[in-house]
Amino acid sequence: MAEEQNQPQFALQRIYVKDLSFEAPNSPFVFQEDWTPRVNLDLNSNSQQVAENMYEVVVHLTVTVSNGEGDDAKTSFLVEVQQAGLFHIDGLEDAQLHHTLGAFCPNVLFPYAREAIDSLVTRGSFPALMLAPVNFDALYAEAMQRQAAEAQADA
């Protein structure tokens, strides 16, 4: 029995939308123009402990789609979503916990955020926008390297 209690535990408790918005500032005129979209994606995540062994992880996505070229480009639409999840996590050391919260949990949440964005975009009467998968493990490793380099520079 004691061995079972020392085993790492991970359980998804709930997935939910924390915040969601859609703006089409140049409608209805954007629907009359040739469609040459440029997509800009801003992505980040954060986490917080909300109770013993319970963590909230939030993936923030902002997608801005402009139509046209150069200075003539106008924002067609802007979508923002904060996709969140509650995770029960126990039995992980600090480094493992940090990686789980910074990479594994966002990987779980991203498909839900992507679906929410696609749904809003099509309801706004724009072509479907299916975002490509994101490698949160690589983003996490990059962030850790950046933090290490900053710590060395400060020392």
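This is a short walk through a predicted model, from its core to its pocket, its charged pairs and its backbone.

Start inside. The largest nonpolar core holds 29 residues. Within this core, Leu61, Ile117 and Leu129 touch the most other members. Four elements give two or more residues to the core: strand S3 (54–67), strand S4 (74–90), helix H2 (94–123) and helix H3 (136–154). The most comes from H2, which gives 11 residues.

Leu61 is a good place to pause. Set aside residues up to four places away in sequence, and Leu61 still touches Leu41, Asp42 and Leu43. Leu61 also touches Val79, Glu80 and Val81. Its other contacts are Phe110, Ala113, Ile117 and Leu131. Ile117 thus appears twice in this story: Leu61 touches Ile117, and both are among the core members that touch the most others.

Now turn to the largest pocket. About 320 Å³ of space lies in it. Its lining is made of 16 residues. Ser45, Gly102, Leu139, Tyr140 and Ala143 lie nearest the centre of the pocket. Which elements supply at least two residues each of the lining? They are strand S2 (37–51), H2 and H3. H3 provides the largest share, eight residues. The lining is mixed in class: seven residues are nonpolar, seven are polar and two are charged. H2 and H3 therefore serve on two lists, giving two or more residues to the core and at least two to the lining of the pocket.

Next come the charged pairs. How many salt bridges does a search of the whole structure find? It finds two. One joins Glu56 and Lys18, with the closest N and O atoms 2.8 Å apart. This pair links distant parts of the chain. Glu56 sits in strand S3, and Lys18 sits in strand S1 (residues 9–23). The two are 38 residues apart. Is Glu56 buried or exposed? Glu56 counts as buried, because its relative accessibility is 6%, under the 20% limit. Lys18, at 43%, counts as partly exposed.

The other salt bridge joins the side chains of Arg146 and Glu142, at 3.5 Å from N to O. Here both partners lie in helix H3. They are four residues apart, about one turn of the helix. Arg146 is partly exposed at 44% relative accessibility. Glu142 is partly exposed too, with a relative accessible area of 44%.

Strand S1 has another residue to look at, Glu23. Its relative accessibility is 42%, so Glu23 counts as partly exposed. Beyond its neighbours within four places in sequence, Glu23 is in contact with Ser76, Phe77 and Leu78. His60 is 37 residues from Glu23 along the chain, and their C-alpha atoms are separated by 16 Å.

Finish with the backbone. Most residues other than glycine have a negative phi, and most peptide bonds are trans. Three places here stand out against that background. The peptide bond from Ser27 to Pro28 is cis, with omega near 5°. Pro28 lies in the loop between S1 and S2. Asn53 has a positive phi of about 65°. Asn53 is in the loop between S2 and S3, and counts as buried at 18% relative accessibility. Ser125 also has a positive phi, near 75°. Ser125 is found in the loop between H2 and H3. With a relative accessible area of 53%, Ser125 is exposed.

Technical notes
Residues numbered from 1 in each chain as written. Predicted model: local features only at pLDDT ≥ 70, side-chain atom pairs only at ≥ 80, totals over all residues. Heavy atoms only, no water. Core = buried A, V, L, I, M, F, W, Y, C linked by side-chain atoms within 4.5 Å. Buried < 20%, exposed > 50% of the residue type's maximum accessible area, 1.4 Å probe, protein only. Contact = heavy atoms within 4.5 Å. Salt bridge = Lys/Arg side-chain N within 4 Å of Asp/Glu carboxyl O. 1 Å grid on protein atoms, 1.4 Å probe; cavity = no way out; pocket = protein on both sides within 12 Å on 5 of 7 lines; lining within 4 Å. Points joined across faces, edges and corners; volume = space filled by probe spheres on them. Nonpolar A, V, L, I, M, F, W, Y, C, P; charged D, E, K, R; others polar.
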